[in-house]
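Hi everyone, thanks for squeezing me in. Have a look at the picture before I start talking, and then we'll walk through it together.

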Amino acid sequence: MNQKQVCQECGSRMFGRSDKKFCSDLCRNSYHNRLNSEQNSFMRQINGTLKRNRKILEDLFARHTEPLNRNELQELGFNFRHYTGSERTDKGVRYFCYEFVYSYLSKNEIKLSKMDVD
Ligand SMILES: [Zn+2]
């Protein structure tokens with residue numbers, strides 16, 4: 001049986017045009033709705049991580065506990081995998097988390113600063 005003759009949503013056999021992917025509008029809609037909600041949940045998860053990271057940096061910045069300790073950040077739940085941007089400089093890489101900017105002074109020491117937002 002040709003793969004194209006099976007509905008991608010419900011798996012039912014289809015007859016007629018061989019380039020059809022779905023047996024009905026209902027199946028087409030539910031397929032795309034599911035795809036969207038999966039993408040949205042991925043975005044929600046990463047946005048949540050970035051928000052949490054930002055909150056951690058904001059709290060530490062307010063306490064002036066520089067330089068920051070990488071392990072301490074990790075213990076607070078900071079996720080180093082996600083950031084809003086990065087920039088290579090003479091001294092290394094600067095990472096952005098919204099208005100906060102951090103870079104490594106050494107393997108475990110992190111310098112934190114804040115951009116002026118107009
Ligand atoms: Zn179907």
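I'll go through the sheet, then the core. One thing up front: this is a predicted model.

Okay, the sheet. It's an open one with five strands, and if you read across it you get β1-β5-β4-β3-β2, with antiparallel pairing. So which strands sit at the edges? Those are β1, residues 68-69, and β2, and each of them pairs on one side only.

Let's stay with β2 for a moment. β2 and β3, which runs over residues 92-97, pair in the antiparallel sense over five bridges. The two strands form a hairpin, with two residues between them. If you want to find the pairing on your screen, look for Glu-87, whose bridge partner in β3 is Arg-94. Then find Thr-89, which has Gly-92 in β3 as its bridge partner.

Now, how many of the five residues in β2 are buried? The count is zero, so to speak a strand that's hardly covered.

Right, on to the core. The largest nonpolar core is made up of nine residues: Leu-57, Leu-60, Leu-68, Leu-73, Phe-78, Cys-97, Phe-100, Tyr-102 and Ile-110. Two elements give two or more residues to this core, namely α1, residues 25-63, and β4, residues 100-104. Why would such residues gather like that? In soluble globular proteins, nonpolar side chains tend to be buried together.

Try clicking on Leu-57, one of the core residues. Setting aside its neighbours within four places in sequence, Leu-57 is in contact with Cys-97, Phe-100 and Leu-112. Cys-97 and Phe-100 are in the core list too.

That's me done, thanks!

How values were computed:
Residues numbered from 1 in each chain as written. Predicted model: local features only at pLDDT ≥ 70, side-chain atom pairs only at ≥ 80, totals over all residues. Core = buried A, V, L, I, M, F, W, Y, C linked by C-beta atoms within 7 Å. Buried ≥ 20, exposed ≤ 12 C-beta atoms within 10 Å, placed from the backbone. Helix = DSSP H or I, 4+ residues; strand = E, 2+ residues; numbered from the N terminus. Contact = placed C-beta atoms within 7 Å. Pairing = 2+ DSSP bridges.
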